[in-house]
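Dear colleague,

I am handing over the structure we spoke about, and it is shown just below. After it you will find my notes on what turned up, with salt bridges and one sheet as the two topics.

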Amino acid sequence: PSGLRLGPEMLHESNSETVIFRPRGGRLLTRTSEGTTRLWKVPMPTAVRRILVHDRQGGTDGAMFSPDGRYVLGWAWAATLWNADSGERIGAPMNYLGVAGRGVWGGIFSEFCDRLVTAGDAARVWAVETAEPIGPILKHPGGAAGAVFVGSQEGIDEPVITWGGRSIRKWQPLTGEELCDPLTAENALGPWALSPETRTLAAAEGLRVHLWDLDAWRLTGAVIKFKEAAAGLRFNTAGDRLMVWPKLHRMFLYEAGTGKVIARLKHDGGWKHPPSFGGQGTTLVAWSGKTVEVRSADNGAEIRAPVTIPDYIVGASLDGPGGRLAVWGIDLLRVFDVQTGEQLGPTLDHQGVRGARFTRDGSYVLSWGTDGHARLWSPVSGHQVGPEMAHGGSLKEGAFSPSEDRILTIELAGFPHIWELGDFHFPAEHQALRVRVQSGTFFDAPNAKVR
């Protein structure tokens, strides 16, 4: 529908005189005038369905895939659960009727994805298959800024930890009873971060950042002190590094277990954006103005000289292995090799680009923006992979499912969409799967199994 070419050209030595698609797609046969036959792999992603949130405010504040990729959870005044394959809503919206405010700020799935716990003005545990509540509302004083399941056992009685206000609490979800005395703070807990293995909670309290051991149910003893309140915190994916920024003109990298400072990162013009980790947590990236710095998460040292582009940078992100860096300005997206600093492929033109995310191996990059479109690119060739994904308004977020066969996009107005990609992995250059020189007639068998 967009008229865009799907991937690179399929080149032949002479004129092509026959082209046949396999009926169920995915393969293409070509035959040239001198009798060379080629079988090509030509997968094409397709949009499946748009999922609307039935919400009185018109949309969601956020959404996420479950760890197994089977569900999508969205939240605003209530939480809503959808089947990621069919797009059908599961059960009724999940809310805290009877609790002042009734807002949901987020959620997390259990290890086996059979339950989830939502946090907000209160907390509650839900059965994923039915979206029915398990036990009563957990009324955390001051509201629950976050919540997590304690262990990895499968069962509806697995304890839940919530935090917010001036306390951290452990609950029995079936009865709503607290299992032990709460961990308390002198002041209200501010910005927080949960380690990937969900065993350590870092939370700002006034001019300090505390690290809480949720298994031992105590402070770790590490207290990070500042002259000003922390604006944000972030763990790396390994959970052994913690980045804290009091204000965005400087950042601090800490050893998560001890609270020992590893590096103090400063920028002459002041950091304008929070940093992010990449490369399985071994690399961090920070940007300001027209410059991006890529540093080691081990010691904070620069991996290479800063990358500079002609435009003012809106954002930057690393792929999973940490070898590729995506940098985007107002209307352009560039991908760089981290080690050499060289740009990979041509500059990608995406009007109003506001975000980008790599597949795990860095082979493809997803972009989205204010033009209401999401696009999948091969950064080396510069080709757009498949048709653009069109929406009714500007986009604020995009994400791959764990298996990378789905894409979740969220409009600025809050409407989430699920897109099915199928077999979308185009090579940088089309390669013939089989080549044979033949003579005689060329035919297409009805069952598409015989050539």
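To begin with a single residue, E397 is partly exposed, with a relative accessible area of 30%. Please keep in mind throughout that this is a predicted model. The side chain of E397 meets that of R357 in a salt bridge, with 3.3 Å from N to O. This pair links distant parts of the chain, since E397 belongs to strand 39 (residues 395-400) and R357 to strand 34 (residues 353-358), 40 residues apart. R357 also counts as partly exposed, at 35% relative accessibility.

A second pair is formed by R406 and D85, whose closest N and O atoms are 2.8 Å apart in a salt bridge. R406 lies in strand 40 (residues 406-411), whereas D85 sits in the loop between strand 7 (79-83) and strand 8 (89-94), so the pair ties together parts that are 321 residues apart in sequence. Are these two residues buried or exposed? R406 counts as buried, because its relative accessibility of 8% falls under the cut-off of 20%, while D85 is partly exposed, with a relative accessible area of 48%. The pair also belongs to a network of salt bridges, in which D85, D405, R406 and E420 are linked.

A third salt bridge joins D68 to R70, and here the closest N and O atoms are 3.8 Å apart. D68 is partly exposed, at a relative accessible area of 34%, and R70 is likewise partly exposed, at 45%. As general background, side chains of opposite charge can pair when their charged atoms come close. The count for the structure comes to 18 salt bridges, and the pairs described above are among them.

Turning to the backbone, there is an open sheet of four strands in the order 9-10-11-12, and the pairing is antiparallel. Its edge strands are strand 9 (104-109) and strand 12 (132-138), each of which pairs on one side only. On average, neighbouring strands of this sheet are turned by 20 degrees against each other, when direction is ignored. How many bridges join strand 11 to strand 12? Four bridges join strand 11 (residues 123-127) to strand 12, and these two strands run antiparallel. If you would like a place to start looking at this pairing, A127 has E132, in strand 12, as its bridge partner.

With best wishes

How values were computed:
Residues are numbered from 1 along each chain as its sequence is written. This is a predicted model: local features need pLDDT of at least 70, side-chain atom pairs count only at pLDDT 80 or more; totals for chains, interfaces and linings use all residues. Side-chain values use heavy atoms; hydrogens and water are left out. Two strands pair if DSSP finds at least two bridges between them. Axes are lines fitted to C-alpha atoms, for helices over the stretch in contact, and angles run from 0 to 180 degrees between N-to-C directions. A salt bridge is a side-chain nitrogen of Lys or Arg within 4 Å of a carboxyl oxygen of Asp or Glu. Buried means under 20% relative accessible area, exposed over 50%, partly exposed in between (1.4 Å probe, protein chains only).
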